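This report concerns the salt bridges of the structure shown below. Please keep the sequence and the model in view while reading.

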Amino acid sequence: MKDDASKKGLQSAKTYHQAILSLKKYPMPLQSGAEAKILQNFGPKICKLLDAQLAKDASEVGISPEEYLEGSGNFPIHWFDQLKEREKLQKETTSKSNDKNVPKQPAKRAKKQKCLKESVPKADVEKESTVERMSTIAANECIDLTDDNVEEPIIHDIVMTPSQPNSSQSTLPTSKIKTLFTLQPGTFKVVLCVDIRETHGHQKKNKLKKQLDSLKIEWSEKNLQIGDFAWVAREVSTTNPQELILDYIIERKCLSDLTQSILDGRYHEQKNRLSKCGLKNIIYLLEDFNQIDHQTLPAKTLRQAIYNTQVTHNFCIKHTNSIKETCQYLEMMTRQLKFMYGSKTLEAVPEQSAIGACGDSSFRLMEFKTFNSLSRKNVGLSITECFMRQLTEITSVSGEKAEAITNKYPTPLLLYEAYQHCADTKEKENLVTGIRFGFMQQKMGKGVSKALYLMFNTEQ
């Protein structure tokens, strides 16, 4: 449509161009032109034209529009049915968690978890343990700490599953790890750290601060470079206490903020930074989850984004319905972390890769100031990270595609040398065609491969 309008010199060409730019920023799959109304620069006319073109293309090959989209996007068979099944299961879980009068029914919950596992494409069998984690968390309910009859869960019930018993083990050999200093049991206390941007500003942030003040835990404000909540082991009985960052961090998002981050492109950037921060236990706390049906984006789109966060990035997802529930969760986490770390010896290490448990009686942790400094947005990037950012500037190259390309060719030089070993131009244009990317393991298209070739071709 854009090309036709440009050839005819129509003003609509500019509108089509802006619509294409909005679509490129949107990371979720769309099932129809009508769904594109949620994006900027997509009016009723453009959406109607898209639906008409989709119906025309599908009718030419004698299949339905949904089947046509499945084939064009290289999705697994019955992908749309799986999306609908996931949405149905999530609605059932949400309605049960909101009904406090309904007693727990472990048998039904186990059945729902089994259905949720079956809804994940069979091509991703290797991610079975991650899917188990997803189904366990998806069925979790917010615990009311004011109810004395509720048994308080241990830390593994909150952020871990049995499928990951060694997820926090240090990855470096003991002989190669340098210990800066040590905090013995009884010489430190666990303190909740809250990003200063979460407590200063409009009325809702002031409400958060009041709720935190009402908690029976110690907390302090810090300028966190990544995440919104974290915990430190702070040395006691000293004027200049040492602080070690514990292996847990929370990114808090209300549903409206999650929606906006998807639309403006911050969604992927924030998740990638969290994945590379060095901490093993990353919690994505979604606040106002009971308002998921009243956002700019459809509820199923937001749920799909949440599933991707759980499965692809292995984040723990926690749902709360209010600021009060969020603070109750933070209080519970703080008490459990005190129990988990209070009797252990804490060793300060200089490297992110060394963070983790060291046997049964000690943990290796980074100094908070070092961790916070390394987590800055403008910290020095590696060649691969710079190359990845460069690739995302190419039309149609998303973050997932760029990551897949850099996994095979970590630097521009390696990719350039690969082009030099190609026999002819056609082979060069198809060099990265077929590379699989993303959770669905789709294949890289010829258009992206050719665009990448042209970028490295100095003769054109």
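## A bridge between a strand and a helix

In this predicted model, Glu221 and Lys209 are joined through their side chains by a salt bridge, with an N to O distance of 3.8 Å. The two residues lie 12 residues apart and connect distant parts of the chain: Glu221 belongs to strand β3 (residues 219–222), and Lys209 to helix α9 (residues 203–213).

Both partners can be described by their accessibility. Glu221 has a relative accessible area of 32% and is partly exposed; Lys209 is also partly exposed, at 29%.

## A buried lysine and its partner

A salt bridge also links the side chains of Lys253 and Asp257, at 3.3 Å from N to O. Lys253 is buried, because its relative accessible area of 1% falls under the 20% limit. Asp257, at 25% relative accessibility, is partly exposed.

## A bridge within one helix

Glu331 and Arg335 form a salt bridge in which the closest N and O atoms are 3.7 Å apart. Both residues belong to helix α13 (residues 323–341), where a spacing of four residues separates them by about one helical turn. Glu331 is buried, with 12% relative accessible area, whereas Arg335 is partly exposed at 32%.

## Network and total

Elsewhere, Lys189, Glu218, Lys222, Arg234 and Glu243 are joined into one network by salt bridges with shared partners.

How many salt bridges does a search of the whole structure find? The search finds 12.

Key:
Residues numbered from 1 in each chain as written. Predicted model: local features only at pLDDT ≥ 70, side-chain atom pairs only at ≥ 80, totals over all residues. Heavy atoms only, no water. Salt bridge = Lys/Arg side-chain N within 4 Å of Asp/Glu carboxyl O. Buried < 20%, exposed > 50% of the residue type's maximum accessible area, 1.4 Å probe, protein only.
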